[in-house]
Amino acid sequence: MFEELAQAEAAVAACADAPAWALTEPDLVAALDAAHRLEQRLAAVQLTLVRELDGRGTAVAQGASSTAVWLRDRLRLTIPAARRLVDLASALDTGAPGVRAALASGAISVEQARVIGDTVDTVHAAAGAEAADKAVGVLVEWAGQFEPTLLRRLGTRILDHVAPEVAEAAARAALEAEARRSARDRHVTVSELSDGRLRLTGSLDAEAAGLLRAAIDPLTAPSGPDDSRSLGQRRHDALADLCRLTLRTGELPEHGGEPAQLVVTTSFDTLARQLDVGTLDTGLRLTPETVRRLACDAAVLPAVLGSAGQALDVGRQRRLVTGPLRRALVLRDRGCAFPGCDRPPRWCDAHHIRHWADGGDTSLANSVLLCGHHHRHVHRGEWAVRLGRDGHPDFVPPAWLDPDQLPRRNLYHRRT
């Protein structure tokens, strides 16, 4: 075998030096197919060698703690990659011989062989050796059409083809096992970072995953042609919107004897001059810009303290756009009023056109509905908001976006 591999290596080396540009397009495609088949054939040889070395205990004899560790140093692989080699070599050696034969012929890839091996083991346990042999033939045929991920998905229904008499019971058992595993492993971890941010990690069961996607996916779409947020940033903002909507419902259980709410503490003077930070009741600090934006939100109750620390105002009802005023605002704007945004009213904050800390009153003429993303956008100060002669909001873009600074309107909610 060593001499044959040496000859094959020399032939491959000659191909590496050959000019690919000289090939016609059909020959180029054929050469790619041949190289791929050769790669899979060589993989089958490599797995045979790995299995033999593992069986002989060569790694331990040479001082390594395992074959995977020995392969890491010998072939300069990562430990996970080395372990996958050892595991697949063992699976092909002890499993259905048709899988190894398909890999050796170049008909399937290494990843497809891994999927087929796993699937065939499941079939063998559920329906016996005869059904497992049938499954190999079906899966190898499918591997000629489907990549590993889709092949694994199709493999979950393989019993329908090779052992229909047990397929329904096996599928039910697998589903129940998956449900038990999901229930056992479900968790959400909230880790506080040093700068006050939170890192979310976890695993949701199928029902919770469906609920999250149903709620968050509509909010994850770009809000308009000028939306430059990445997908991850849009998901982040959508999750924040869900929290705002939930707080607005008033249906959350009390927390510490108080309704669930966000409390921001700041000095009134420094808030009005946009000079100071705010502090949440959790101890986290917020920028002046964020504090002023939150002060617009009817779902947030600001706690404003005087210079001596006494409470001047905790959630002034006259400042909040609620009740009949909120309904009138919804009837007028019908959703986020920023040009091009399709967010409905329930996802929107009531923004004070002239901020209340600057003397702006709480009235229909001084309010506009904005979704969370555009509320933050407007508070950066580049866009100006004003009411037109007909009482509907106009948005004046910054000069760098439109040198003429022509007012724009949202035509999504109001077509005429």
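**Exercise 1. Contacts of Ala127**

Determine which residues Ala127 touches in this predicted model, leaving aside residues up to four places away in sequence, and describe where Ala127 is found.

*Solution.* The contact list comes first: with residues up to four places away in sequence not counted, Ala127 touches Leu159, Ala163 and Val166. Ala127 itself is found in helix H7, and its relative accessible area of 29% makes it partly exposed. A C-alpha distance completes the description, for Ala127 and Pro164 are 37 residues apart along the chain while their C-alpha atoms are separated by 9.7 Å.

**Exercise 2. The setting of Thr156**

State where Thr156 is placed, whether it is buried or exposed, and how far its C-alpha atom is from that of Val123.

*Solution.* Thr156 has its place in the loop between helix H9 (148-155) and helix H10 (159-162). With a relative accessible area of 60%, Thr156 lies over the 50% cut-off and is therefore exposed. From C-alpha to C-alpha, Thr156 and Val123 are 9.6 Å apart in space, and in sequence they are 33 residues apart.

**Exercise 3. The buried side of helix H6**

Identify the buried residues of helix H6, work out how they are arranged around the axis, and name helices that cover them.

*Solution.* Within helix H6, which spans residues 97-104, the buried residues are Val99, Ala102 and Leu103. The arc that they cover around the axis is only 100 degrees, and they therefore lie on the same side of H6. A general point about helix geometry helps here: an α-helix has 3.6 residues a turn, so residues three or four places apart point the same way. The cover over the buried residues of H6 includes helix H2 (25-56), helix H5 (79-94), helix H7 (110-127) and helix H8 (129-143). Just after H6, Gly106 adopts a positive phi of about 80 degrees.

**Exercise 4. Positive phi outside glycine**

For Arg76 and Gln405, give the phi value, the location and the degree of exposure.

*Solution.* Arg76, a residue other than glycine, has a positive phi near 55 degrees; its location is the loop between helix H4 (67-75) and H5, where a relative accessible area of 69% makes Arg76 exposed. Gln405, also a residue other than glycine, has a positive phi near 50 degrees. Gln405 is placed in the segment after strand S11 (393-396), and its relative accessible area of 37% makes it partly exposed.

**Exercise 5. The packing of H13 against H17**

Classify the packing of helix H13 with helix H17 by angle, and then characterise the residues that meet in the contact.

*Solution.* Two packed helices are described by the angle between their axes and the distance between the axes. For helix H13 (residues 231-249) and helix H17 (residues 372-379), the angle is about 105 degrees and the axes are 9 Å apart. Because this angle falls in the range from 65 to 115 degrees, H13 is roughly perpendicular to H17. From H13, Asp237, Asp241 and Arg244 meet Gly372, His373 and Arg376 of H17. Sorted by class, the contact has four charged residues, two polar residues and no nonpolar residues.

**Exercise 6. The protein as a whole**

Summarise the secondary structure, burial, contacts and exposed area of the protein.

*Solution.* The protein has 17 helices and eleven strands, and of its 416 residues, 34% are buried. Among contacts with a separation of 6 or more, 50% are between residues 24 or more positions apart. The protein exposes about 24900 Å², of which carbon and sulfur atoms supply 55%.

How values were computed
Residues numbered from 1 in each chain as written. Predicted model: local features only at pLDDT ≥ 70, side-chain atom pairs only at ≥ 80, totals over all residues. Heavy atoms only, no water. Buried < 20%, exposed > 50% of the residue type's maximum accessible area, 1.4 Å probe, protein only. Helix = DSSP H or I, 4+ residues; strand = E, 2+ residues; numbered from the N terminus. Arc of directions from axis to C-beta. Contact = heavy atoms within 4.5 Å. Areas by Shrake-Rupley, 256 points an atom, 1.4 Å probe, with all protein chains shown as cover. Axes fitted to C-alpha atoms, helices over the stretch in contact; angles between N-to-C directions. Parallel < 35°, antiparallel > 145°, perpendicular 65-115°, else oblique. Nonpolar A, V, L, I, M, F, W, Y, C, P; charged D, E, K, R; others polar.
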